[in-house]
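Please look through the sequence and the model below before reading on. The paragraphs that follow begin with a single residue and then widen to whole chains and the contact between two of them.

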Amino acid sequence: MQIELRQLRKTYGPAVAVAEISATIAQGKMLALLGPSGCGKTTTLRMVAGFIAPSSGSIHVGARDITTLPAHKRDTGLVFQSYALFPHLSAAENIAFGLRRRGVARAEREQRVTAMLDKLKLSGLAERLPRQLSGGQQQRVAVARALVINPSILLLDEPFSNLDAKLREGTGLELSRLQRELGLTSIFVTHDQSEAMSIADTIAVMKDGVLQQIGSASEIYEQPANRFVAEFIGRANFLPGRILTGDGRSHEVALDAGITVPAIASAHPGGSSRVEVLIRPEAIALTETGRSGSLMATVEAISYQGATVYVHARLADGTLVTCATTPESSRIAAQGDAIGLQPARTRLVSFPI
Amino acid sequence: MTAERQGAGARRQAALVPILLFAPCVLVYAIFFIWPQASLLAISASSKSGPGLDQYARFFGDSYYWEILGRTLGMGITVTVITLVLGLPTAYVLARSQSRWAGLLLLLTTFPLLVSAVVRSFGWMVLFFRDGLVSRTLLALGLIDRPVQTMYTMTGVIIALAQVLLPLMVLTLHGVFKSIDRDLEYAAMSLGARPAVALGLVTLRLARGGIVAGSLLVFSLAISAFATPSLVGGARANVMATAIYEQTVELLDWPFGAALAAILLVVVLGLSLAYGALIEGRGELEAPR
Amino acid sequence: MTIAWRSPLGLVLLLLCALTFAYLLLPILVVVVAPFGATGYLAFPPQGWTLKWYAAAVSDTRYLAALLVSLRIALASAVIACVIGIAAAYALTRYDFLGRRLLEAIFLSPLILPTLVLAVGLTLFFTRTGLLQGPWRLIAAHVIICIPYVLRVSLPVLRRFDRALEEAARNLGASPFAAFFLVVLPVVRPGIVAGTVLAFITSFDEVVLALFLAEPGAPTLPVTIYSAVQLGFEPSVAAISGLLVLATFAVMLLYHLLSAFRRQRD
């Protein structure tokens, strides 16, 4: 079912937790609410789940307005950050909890619980209490418990934050596969940008209760709406400059560092001609010094990460620039060397200062 | 608009729940706690001809009652000191011991709390009589040359009362010591402090708040205890609690008894406010858990 | 351990610790052992050996009647205090409002108030208002001193309770009411049981309020023992006290074995 948030707002006295968020999530798609802690993403999710009453605005699931519906009548599957498994009930009883509340007959209940245990590779663990399960197993029980009731929408509150890094990626892809298979419309809260980019169809970046940008992962990475989004998603270099020529969409920018680059204007261009140009680390190539169109820099540190090598170089004016390159291309640089940095001619975005 | 009205109704209903949850407790406290205590204060401040402080004037004008108050406070201080001297080492040993008996010993400490004070005082009475164990042990040790009667003396009351209240001190201090990271002691010793110095400079200093809190608790319970002074002390050990009992139940002078009760109440309340302020003012580390 | 127990300082500490336990347990040991003595008066250590005083205590109908009164009053007080106390404790931990801390302090205050003052106030109050009859006066008084114990034990347990569990239950279709009974209560049950047991023991052992407020014809067991001890030094009084100690010890042991067993099973 489609989920629609209309001008949803939550305030506590003078404090604004969520300042008007509007979003539509199409049937079967997943929206990631992404942002640092305290940005309002969890508050938004809890409003959808029915634990917090919005101050204004409305929430629609399908054709139905569920804004004032109590939590237990909303028919939403929710996977908690702490999993919130009932400690006094076994894995199977935890999964059966929602079915019991819905008055599903015993035979059908047992059959559905068994099917769900199989689906999440939990068979054999049915009688274990939560504390007798590993973190990964607990997480799967929590997912099973949310899915077994055939919810109309699925909500995920940082479901991977308590798993170790290795488990995280596999579990994420598995969950994403389940969600697609069941065609569940979902909202997924996270502070981890790579998690959001790998799982969600749409990402909503939030900060201080305000929605900064909503779009696909590539839109948000390549055309961030503002500096905050650019810095929050991936690594970013900003070099100041002045617009030479151009219309509202794209222009030539003379960087203070000495070269001229083409750039696309961000969504909110200002009136002034002073701008900052976003150059992603992978959009900078290392060259020998003196090549035309390149910046002079001194290599400060080289950080080897396997597939990628990050070269941190300082420009003459003191700005530190990070370049991402392959191990082969990085061989021309050593710490202390003078080197040329050549920005790509595409994919640069300018922001008004 | 319907949705909004429904929302307001649901919110009003939700606001009713905490009120309903609190209602029984608030009602019971209002009727059987606040009201009786308030009327006790009112009665204590009445004389034959209407409101007045006659009862208090009688108390503070008579050296006999000053003596009782002094004896009560002296008893409280002595009992507190005894429970501290025995309670500090015991709580420390139990908190730091890694033996599996430590848990059992802690349990054994709580056991006397589960036995009625009447029964415990009775045990002391058997020991305190002229031919009891206490007297005979002291004789055998050569500390006295003829049998002594500890029964019906202030000494007896203090020994018995300290035993009644000691478990509370041990439990309070045990919680405090447990919450002090033993690595702090190791750190002090690694910096050159001898164990005794480390104990004094680090552990006892950090436990200071808990020690004061435990002492205030024992002190206020000691000055309000009734069963032990009345059984072990008899008429000889006249303290505030027994005086209140005498005035009310035996002499039926309820206004004066109420005034005595009010004075005791003020002392205890003052101490517990200090206790509260102490726990508020200090970090969690020092407050008993 | 930080202090070597064999060092002089460690030995002093251990010695004081041993002294504490001897001091704590001696008078309790006395009431259990002394009635075995064959002398007509109480002596410790006992001389001779007889079961006559214990037999006398068990067959004395006064004590049996008093025991039943005590059990009835303790049971009623503990159950009422538990229901009222848990409701208040839940609300105290669940809702935040102005004056919450003050309310909590008031609810806990009977813990530090002299019971005797409480007793005098309540006696005056009941005589003047004529409120409540029979055992209910004492039960009301005991409820007041039991609720703080219920709160002391259940508040930390409820504070530790993960609110997400309640939300998970609501999310899965449980009404607030159902969520409380299906999830909150079972999870905090150990705290509730401990609080109720503590309330029961508090009421059962209490003597001051009982002296003032018990029905004239039906004193509780501690009152009966108190009066008997004041009148004389019959070994049978020691015997009933000894039985009380043994019963308390058995209950404590049983409680801890049961909870240890439950922990092991999990």
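Is I77(B) buried, partly exposed or exposed? In this predicted model, the relative accessible area of I77(B) is 49%, and the residue therefore counts as partly exposed, since the exposed class requires a value over 50%. I77(B) belongs to helix α3 of chain B, which covers residues 63-96. Together with V81(B) and V85(B), I77(B) makes a nonpolar patch on the surface, with an area of about 260 Å².

From that residue one can step back to chain B as a whole, whose secondary structure consists of 13 helices and two strands. The radius of gyration of chain B is 25 Å, well over the 19 Å that the globule rule gives for 289 residues, so chain B is more spread out than a compact globule. Taken along the principal axes, the box filled by the C-alpha atoms of chain B is roughly 90 × 70 × 30 Å. Of the 289 residues in chain B, 49% are buried, and the chain exposes about 13300 Å², with carbon and sulfur atoms supplying 67% of that area. Where contacts in chain B between residues at least 6 apart in sequence are considered, 71% of them join residues at least 24 apart.

Chain C can be read in the same order. Its secondary structure comes to eleven helices and zero strands, and the C-alpha trace of chain C spans about 70 × 65 × 35 Å along its principal axes. Buried residues account for 53% of the 266 residues in chain C, while the area that chain C exposes is about 11900 Å², of which carbon and sulfur atoms supply 70%. Among the contacts in chain C with a separation of 6 or more, 67% are between residues 24 or more positions apart.

How many residues of chain B are in contact with chain C? On the side of chain B there are 86 such residues, and they are in contact with 83 residues of chain C. The size of an interface is often given as the accessible area lost when the parts come together. For chain B and chain C, the area buried between them is about 7500 Å², and carbon and sulfur atoms give 83% of it. The count of salt bridges between chain B and chain C is zero.

Terms used: Residues are numbered from 1 along each chain as its sequence is written. Chains are lettered from A and ligands numbered from 1 in the order in which they are written. This is a predicted model: local features need pLDDT of at least 70, side-chain atom pairs count only at pLDDT 80 or more; totals for chains, interfaces and linings use all residues. Side-chain values use heavy atoms; hydrogens and water are left out. Patches are made of residues with over 30% relative accessible area and no salt bridge: like charges are joined within 9 Å, nonpolar side chains (Val, Leu, Ile, Met, Phe, Trp, Tyr) within 5 Å. Accessible areas come from the Shrake-Rupley method with a 1.4 Å probe; for residues, only the protein chains shown count as cover. A salt bridge is a side-chain nitrogen of Lys or Arg within 4 Å of a carboxyl oxygen of Asp or Glu. Helices (H or I, at least four residues) and strands (E, at least two) are DSSP runs, numbered from the N terminus. Buried means under 20% relative accessible area, exposed over 50%, partly exposed in between (1.4 Å probe, protein chains only). The radius of gyration is taken over C-alpha atoms; the globule rule is 2.2 Å times the number of residues to the power 0.38. Contact means heavy atoms within 4.5 Å. Buried area is the accessible area (1.4 Å probe) that two parts lose on being put together, summed over both.
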